[in-house]
Amino acid sequence: MGYFPTRWTLKTSGEVAPDERLPWPQTLIMGIQHVVAMFGSTALAPILMGFDPNTAIFFSGIGTLIFFALTGGRLPSYLGSSFAFIAVVIGATAYAGGGPNPNIPVALGGIMAAGLAYTLIGIIVQVAGTGWVERLMPPAVTGAIVAAIGLNLAPVAVKGISGSAFDTAIGLFTVAAVALISVWGRGMARRLPILLGAVSGYFLYFVCTNLLGLGAPIDFSGVGAAAWLGLPHFEAPVFSGPAMVLIAPIAIILVAENLGHVKALSAMTGRDFDPLIGRAFIADGIATMVSAGGGGTGVTTYAENMGVMAVTRIYSTLVFVAAALFAVLLGFSPKFGALIMTLPGAVIGGVAIVVFGLIAATGGRIWVLNRTDFSQPRNLVTAAVALIAGAGDLTLKFGGFALGGIGTATFGAIIVYHMLRGRPEAPEAVTPADAPVDPHRGS
């Protein structure tokens with residue numbers, strides 16, 4: 001076989017494999033659907049960190065094209081903003097929330113360090129295989145790390161809806177809207193509870209403030225003043241040692257996440273994608289560095305888009321080229337970015353409660369899917385240490401460097417698990433950690 005498929009065979013009905021394609025108009029429509037699926041999380045993550053969401057969406061498209069090229073057009077995936085970076089970026093930049101983050105360049109340097117570490121891990125995996133990764137981070141460890149991320153972010157979400165009684169009401173309404181749509185929505189609506197829940201909260205806030213005068217109205221002056229076409233807001237990174245030490249360990253979390261996604265894609269398509277895992281890590285790492293080099297967030301393969309594939313059974317990689325190009329086009333519209341920035345803080349906080357809660361719950365789901373045995377003290381203590389270190393934001397300081405709660409939970413889980421190695425035990429089965437049953441997480 002060549003590096004890329006020699007051709008994508010035309011398929012007009014039934015399941016569409018990665019090396020097949022729909023007619024071009026349908027390919028474009030499916031690409032737009034994937035942009036809609038990723039939009040809620042890819043826009044929310046940069047807002048929570050004080051990044052420009054339009055720039056993040058632009059680089060999500062660029063990152064997806066990089067992923068397509070480096071995996072030879074054989075692995076269907078979309079790369080969006082990673083939630084794993086939120087807590088460490090907030091810690092590294094001392095971001096207080098609300099509006100642009102004045103210390104974004106420092107965060108970008110740390111994200112580039114994480115991308116470099118991720119790329120190096122990918123090179124090792126490409127040479128040595130994935131067995132060592134699965135032994136280093138079995139389900140007991142990965143589940144604890146993912147759950148700790150969600151718990152570490154909990155104060156950020158709660159703070160977002162605690163400004164006033166009105167903010168709390170709007171936030172809780174948004175939570176309820178997301179929950180109801182995820183359970184009772186039909187068709188595509190059920191796949192987009194985050195986006196539609198945010199729109200519902202936005203509409204209620206607009207009615208209550210702009211029409212009824214119950215609170216600070218939404219200011220649309222920035223939308224009116226913004227141009228329809230223009231360059232994204234680019235930023236250059238600044239390399240700070242403490243920020244790089246704090247943020248770089250997130251590469252380990254991205255490895256665990258991406259590994260689970262590739263395994264899930266293999267199960268969905270019936271194809272063995274294991275030979276592409278190393279290239280997938282390298283591609284994701286390089287895409288993260290490119291994004292951070294221009295002012296975007298760290299990126300990761302998205303479970304939301306895997307959920308769309310599970311529903312449609314359309315796995316054509318050309319659909320993701322169409323999605324990426326559409327995202328890049330949106331990135332060139334300052335007016336679109338200005339509209340995103342009008343999203344009220346109470347609505348963002350309500351969505352964050354659900355999203356961060358889902359991240360924490362996904363840790364438990366990893367344990368359940370892999371039948372992690374908590375009658376073994378080794379697994380129980382590993383989870384206990386990671387959860388409390390993450391939830392309490394345990395920070396370890398080494399001279400001028402500080403390792404925040406996410407990093408402490410990550411390294412703590414790995415160290416404790418292997419430190420407690422006693423007599424040989426049967427290895428835990430490794431199954432897809434992020435199977436696309438619940439596509440509402442973008443971490």
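Helices and strands are here runs assigned by DSSP, with at least four residues for a helix and at least two for a strand, and they are numbered from the N terminus. With that convention, Arg-371 can be placed in the loop between helix H16 (345-369) and H17. The structure is a predicted model, and the account below begins with this loop residue.

Arg-371 has a phi near 55°, which is a positive value in a residue other than glycine. In general, most residues other than glycine have a negative phi. Arg-371 counts as exposed because its relative accessible area is 76%, and the term exposed applies over 50%. A second residue of this kind is Asp-393, a residue other than glycine with a positive phi near 50°. Asp-393 lies in the loop between H17 and strand E5 (396-398). With a relative accessible area of 41%, Asp-393 is partly exposed. Glycine also appears with a positive phi: Gly-213, which follows helix H8, has a value near 70°.

Helix H8 itself covers residues 193-211. What span should its 19 residues have, at 1.5 Å a residue? The expected value is 27 Å, and the end C-alpha atoms of H8 are 26 Å apart, so the two agree. The span is reckoned from one less than the number of residues. The buried residues of H8 include Pro-193, Ile-194 and Leu-195 at its start, as well as Tyr-202, Tyr-205, Cys-208 and Thr-209. Gly-197, Ala-198 and Gly-201 are also buried in H8.

The interior may be considered next. In soluble globular proteins, nonpolar side chains tend to be buried together. The largest nonpolar core of this model has 106 residues, and those touching the most other members are Phe-83, Phe-85, Ile-86 and Phe-356. Beyond its neighbours within four places in sequence, Ile-86 is in contact with Ala-45, Leu-48, Met-49, Leu-153 and Phe-356. There is also a second, separate core of 7 residues, among them Val-16, Met-30, Ala-37 and Val-319.

Two buried residues with hydroxyl-bearing names in the sequence, Ser-60 and Thr-410, can be followed individually. Ser-60 is found in helix H2 (residues 53-70). Ser-60 counts as buried because its relative accessibility is 0%. Leaving aside neighbours within four places in sequence, Ser-60 is in contact with Met-38, Thr-42, Tyr-78, Leu-79, Gly-80 and Ala-327. Ser-60 and Met-289 are separated by 229 residues in sequence, while their C-alpha atoms are 12 Å apart in space.

Thr-410 belongs to helix H18. Is Thr-410 buried or exposed? Its relative accessible area is 1%, so Thr-410 is buried. Apart from neighbours within four places in sequence, Thr-410 is in contact with Ile-145, Ile-252 and Ile-253. Thr-410 and Tyr-95 are 315 residues apart in sequence, and 22 Å lie between their C-alpha atoms.

Helix H18 also takes part in a nonpolar patch on the surface. Leu-380, Val-381, Val-385, Phe-411, Ile-415, Met-419 and Leu-420 make this patch of about 600 Å². Helix H17 (377-391) and helix H18 (405-419) each supply at least two of its residues. Leu-420 is found in the segment after H18. Because its relative accessibility is 35%, Leu-420 counts as partly exposed.

Charged pairs complete the picture. Side chains of opposite charge can pair when their charged atoms come close. How many salt bridges does a search of the whole structure find? The search finds 2. In one of them, Glu-20 pairs with Lys-11, and the closest N and O atoms are 3.7 Å apart. Glu-20 is buried, as its relative accessible area is 18%, and the limit for buried is under 20%. Lys-11, at 27% relative accessibility, counts as partly exposed.

A salt bridge also joins Arg-271 and Asp-19, with 3.0 Å between the closest N and O atoms. This pair links distant parts of the chain, 252 residues apart. Arg-271 is in the loop between helix H11 (250-269) and helix H12 (277-294), whereas Asp-19 is in the loop between strand E1 (9-10) and strand E2 (20-21). Arg-271 is partly exposed, with a relative accessible area of 35%. Asp-19 counts as partly exposed at 27% relative accessibility.

Conventions: Residues are numbered from 1 along each chain as its sequence is written. This is a predicted model: local features need pLDDT of at least 70, side-chain atom pairs count only at pLDDT 80 or more; totals for chains, interfaces and linings use all residues. Side-chain values use heavy atoms; hydrogens and water are left out. Patches are made of residues with over 30% relative accessible area and no salt bridge: like charges are joined within 9 Å, nonpolar side chains (Val, Leu, Ile, Met, Phe, Trp, Tyr) within 5 Å. Accessible areas come from the Shrake-Rupley method with a 1.4 Å probe; for residues, only the protein chains shown count as cover. A salt bridge is a side-chain nitrogen of Lys or Arg within 4 Å of a carboxyl oxygen of Asp or Glu. Buried means under 20% relative accessible area, exposed over 50%, partly exposed in between (1.4 Å probe, protein chains only). A nonpolar core is a set of buried Ala, Val, Leu, Ile, Met, Phe, Trp, Tyr and Cys residues joined through side-chain atoms within 4.5 Å. Contact means heavy atoms within 4.5 Å.
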